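Biologist: Please take a close look at chain B. I would like to see how its parts fit together and how it sits beside its neighbours.

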Amino acid sequence: MYFVRRLIFEIPLLLLISALAFTLMHLAPGGPFDSERAPASPEIERNLHAKYHLNDPVWKQYLDYLGNLAHGDFGASLKYRDHSINDIITQALPVSATLGFLAFGFAMGVGLPLGFFTAAKRGRWEDFAGSFLAVLAVCIPALVVAPLLILIFSIKLRLLPVALWETPWHMILPPIALGLFFAGKIARLMREGMLNAMQSEFVVAARAKGIPENRLLLKHAVRIAILPVVSYSGPMLADLLTGSFVIENIFQIPGIGVFFVNSTENRDYTLVVGLSLLYAILLIGLNLVVDLAYTWLDPRVKYE
Amino acid sequence: MAADTGRQTSKIRNRRVCIARIWSVCLVLVSSFFISGCIRSEAPADVTILNGAEPQSLDPAILTGQADMRVAIGLFEGVLRLDPKTARPIPGLAEGWDVSPDGKTYTFHLRTNLVWSTGGPILADDVVYSWMRMLDPSTASEYAGLFYYITNAEAFNTGTIKDSSLVGIRKLDPYTVQVKLNHATPFFVDICALPLAYVVPRQTIEKYGDRWLMAKPLPSSGPFELVYWHLNDKVRLKKNPLYWDAANTKSDIIDILPVGSASVALNLYEHGEADVVWDAQLIPSELLDVLLKRPDFHTFNYLGTYFVRFNVTRKPFDDPRVRQALALAIDKKRIVERITRGGEETASYFVPDGTADYTSPDGLEYNPGLARKLLAEAGYPGGKGFPRFTYLFNASAGGGSKIHEKIGIELQQMWHDQLGINMDLHQVEWTAYLDALTQLNYDVARSSWIGDYDDANTFLGCFLSNDGNNRTGWKDPQYDSLIQQANIEVDLKKREQLFQQAETILVRDQAPIVPLYFYRGINYFDTNKIQGIYPNILDDHPLLSIVKVK
Amino acid sequence: MNDPQHLSPARRAWLRFKKNRPAVASAWFLAVLLIIVLSWPLVLKVAGAHFLQAHDPDLLSDAQFSPPDATHWFGTDVHGRDLFSRIMFGAQISLLVGVVGAIVSLVIGVAWGAIAGYAGGRTDAVLMRIVDVLYSLPTIIFVIVLFTTVGESARQSAFVKHSPFLINSLQIILLFTGLGAVSWLTMARIVRGQVLSLRSRAFVEASQALGARPHWILARHIIPNILGVVITYLALTVPAIILYESFLSFLGLGIQPPMASWGTLMAEGVSQINPIRIYWWLIVFPGGILVATLLALNFLGDGLRDAWDVKNRN
């Protein structure tokens, strides 16, 4: 019931976001049809603007946009006039989603064990080394990691392809480059969560019951420790799924991240608003899933 | 109490194990689904070309970018096409054409065996339809201005007249099209080979409207058909067996990829994933000294000029002496040798060398002493009192080359050292840059111009007083009249002289612009493997002749 | 005497902090870096002309792309500019943007979160809803629009036009305002959470019973108690802002040339990676110093958090 109510509340939120994105875009100077070659006459430019209703007042354009949206039509891209935004999203989103999921898998697959390990060996050299690696992962920007990985694995060692997204071999380096930062973050969150969990009542009680230390850590502490990771994974997944501009640019991956940046620079109003809505929907949806997961994981948590 | 907690704990435990297991299984399932969906099981292409920017549109009437043209040339054709070696117009869909003695009437004779790739004949009706569509104001074609040489075309395109039958394009019979011009225009045949004149499928456009290029199947009039076009991914073309010259189409499948950055392009090429790279911006300029020595790097003269624009409506750039002084103080050789490094020629005039039927007069050469003298005459001896001004240029996102920034930095240093004036650099993104230029909201800006066809007019015509490409605020009636006279002049020698006089005003006497260098076309491919690409001044490479030799 | 029970929370935190070796080492590293970075312009001012010519960060020279040697300790770039000097001056800008941006986000976030948390009810709901909306907006759109719109109109305004100092610093001011403006959201949420829990504590109720006004309570009781959380979060926001600035430089939206920041130097260096010839010093030095500084900031932040946060005590 709570979730249904929340979903209904999100709709005005989405409307607000689309309005905000719409207005912001119209504030920026220039328009989608500016080009290096000036049009042959001002008439042509006027015709172009009239065709896409760009001469109407902003609020009217917005209402028109909403009207189309009600039919599930995100409109046509103003820059790539042969393509509709639905087409663009259906082509690019699965690519970014795959990249995002793989990066998510990598981040979890590396971050969780690392966090667990450093917490278990707390205070010893393994902890220092592991924590150092985790922090390092967070400090090196993706725009450095990606070219370095390409340099080592594709150029020098010739093991993996250098760019593009065609075969499973192409899908190895980009998720690693994308997920490394998040792996570090998750490792730290997990470590902190584990340390908190070791202090918690459940574990103290279990320890008092005489359960051996290993089982203690694995079965009891992990369940409590994983909660902050779970709540972080919602927004993290949203960011991952909508692609990363840097990674997609460096690896030339046809995902949706590139569109986020390019559409803003191109003043492609319809595409920008469409993408903002997409991002918001993903974020809201994922947060909802996370909250759902929370109620399952920890029955003490109840929502009114 | 203890028992209760125990049961609750184990319930929680079981639930959590369950959740964790379901979570991981879902993840694995979802990822494998996505991965399998994303693996392409398709035949490899015969030739893979890295094209530069993503085409904005493949509609020949509205496209403007060179990247767009290079794809559209595979899909559609006009009455004329360009020779791959010389870039001169040769018969395309028309087997020949006649010109009347006064140069004002062109008659094109279409071949009689033309069919669309989906079947159905291509007739004179289609040619007329395509050209009129291009001129229709509601199509809002940005290149329509090039057709204004046709009678009443401008009036129709600007909406002054509504009757399309008044425009000088007419079908004489199913295989003959006649065009009437306002006056003799020697480069009209070059224009007819441009994408704006390509023949497009009427039925498809009437049925699908704006999204006609997404129709499957897409009827094409050119050597290839469109298999698919995924944005930021690739355009895949396959041979059109019904093309009139299909016997000479050398490849079956061509993939055209948009690549944004020079380093990715180079990596893909070195790795063997791309066969041809043919966008000059995809060359990392720092490596040019090494790359130019390799046999697979080909350079050639190109119809493009990199120049600096002055906003003559702002002080102190309203004084020609100031502009001349700034022009004389630029060491263009240093820029070309240290920054662009592609073997470019420095430019003292605007129209590039090698333009058909034209040799430019000399402009302003590097002369710092004279520059200082002129600046002093203008009232700023030693740069004293000269206001601080801004140099505008556009940023290149992602891995794009920062050439504009680098040139700006050099200019800043040169003008400071030679003239004692101070300049700030202002970098904005592309749309904001264009907007500033159009609104005359800048002091000095970097610019470039690529010629549309092989004639001096495509360059000099930009600076007519009322031309939208002027963007400097410079209006000179003498310049205007010289250009207009030249364009109705039939005698080529007289025409050249008129243009030369005009160009002298442009680059020497008035200097609203300062040309820096001429672009050098660079493309790279292994000539042992790829044939059919020839260096020409328009950097135009019809796809049909390109083939990979096994 | 040294009995921990008798010391104030701040003193106890300080003692705990001192025991954290990586954090202390980081603090020292940052201090040394700061000293070098701040004194480098002075060194250039008093040095002889010859030294100045070799190390002027804006001076173009003919020594293009020269590897590290005695004159140019970190090598030169495409324009023949000394890389060491550019890194030093870039450090000033990156650190300035990072710190001031973090402070901007702190000020907005703390104010927002404290008011929301303390006022509760409707005000809280509205303020947090706004945070939710802003969270769901992809930041990059906002940043690009901010830079182009606000940047351009600010440039054109008469106020800025007549001051060369302002024109140059406008970009930097815009950067840290913009970056701070997109980073305050998490801070607001954290602060709100803390304030909510503090609000129901006894000493606050006591103050209210004594008739203290809300802003007095906020200032005297609430804010000092959340200071710990805020400072640690601050130390972690600075590296995030510096990283975001390098992303913006990658897009071409960051610092204007010829000024440099670590972000622009990184972007330049990274574009040099290719299979044919790599000018390694253009990547190694800016990258190394950037990563080292970010590491230090992170360890420092962790150390502060461990010191202040009672729960994680061993």
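Modeller: What follows is a walk through chain B, then a glance at the chains around it. Keep in mind that this is a predicted model.

Start with the outline. Chain B has 550 residues, and 52% of them count as buried. Its C-alpha trace spans about 100 × 70 × 50 Å along the principal axes. Helices and strands both appear here: 16 helices and 19 strands. Now look at contacts with a separation of 6 or more. In chain B, 69% of these join residues 24 or more positions apart.

Next, one sheet. Find the four strands of chain B in the order β4-β5-β7-β6. The sheet is open, and its pairing is antiparallel. Which strands form the edges? They are β4 (94–99) and β6 (169–173) of chain B, and each pairs on one side only. From one strand to the next, the twist averages 25°.

Zoom in on one edge of this sheet. β6(B) runs antiparallel to β7 (residues 176–180) of chain B, and four bridges join the two. You can follow one of these pairings by residue: Lys171(B) has Val177(B) in β7(B) as its bridge partner. A helix packs on this sheet too. It is α3 (residues 124–135) of chain B, and it touches β5 (105–110), β6 and β7 of chain B. The direction of α3(B) makes about 175° with that of β6(B).

A general point helps before the core. In soluble globular proteins, nonpolar side chains tend to be buried together.

Here, the largest nonpolar core has 337 residues. Which residues have the most contacts inside it? They are Leu143(A), Ala146(A), Leu50(B), Ala265(B) and Leu460(B). So chain B is on that list, and so is chain A. The element that gives the most to this core is helix α4 (residues 85–120) of chain A, with 17 residues.

Stay with Ala265(B) for a moment. Leaving out residues up to four places away in sequence, Ala265(B) touches Leu50(B), Val259(B), Val277(B) and Leu282(B). One of these, Leu50(B), is also among the core residues with the most contacts.

Now move to the side that faces chain C. There, 29 residues of chain B are in contact with 23 residues of chain C. Three elements of chain B each supply at least two residues of its side: α7 (262–270), α12 (403–419) and β15 (423–428). The largest share, seven residues, comes from α12(B). What kinds of residue does chain B bring to this side? There are ten nonpolar, ten polar and nine charged.

Finally, set the neighbours beside chain B. Chain C has twelve helices and zero strands. Of its 314 residues, 43% count as buried. The C-alpha trace of chain C spans about 75 × 55 × 40 Å along its principal axes. Contacts between residues 24 or more positions apart make up 66% of those in chain C with a separation of 6 or more.

Chain A also has twelve helices and zero strands. Its C-alpha atoms fill a box of roughly 85 × 60 × 30 Å along the principal axes. Chain A has 304 residues, of which 52% count as buried. Among its contacts with a separation of 6 or more, 73% link residues 24 or more positions apart.

Technical notes:
Residues numbered from 1 in each chain as written. Chains lettered and ligands numbered in written order. Predicted model: local features only at pLDDT ≥ 70, side-chain atom pairs only at ≥ 80, totals over all residues. Core = buried A, V, L, I, M, F, W, Y, C linked by C-beta atoms within 7 Å. Buried ≥ 20, exposed ≤ 12 C-beta atoms within 10 Å, placed from the backbone. Contact = placed C-beta atoms within 7 Å. Nonpolar A, V, L, I, M, F, W, Y, C, P; charged D, E, K, R; others polar. Pairing = 2+ DSSP bridges. Axes fitted to C-alpha atoms, helices over the stretch in contact; angles between N-to-C directions.
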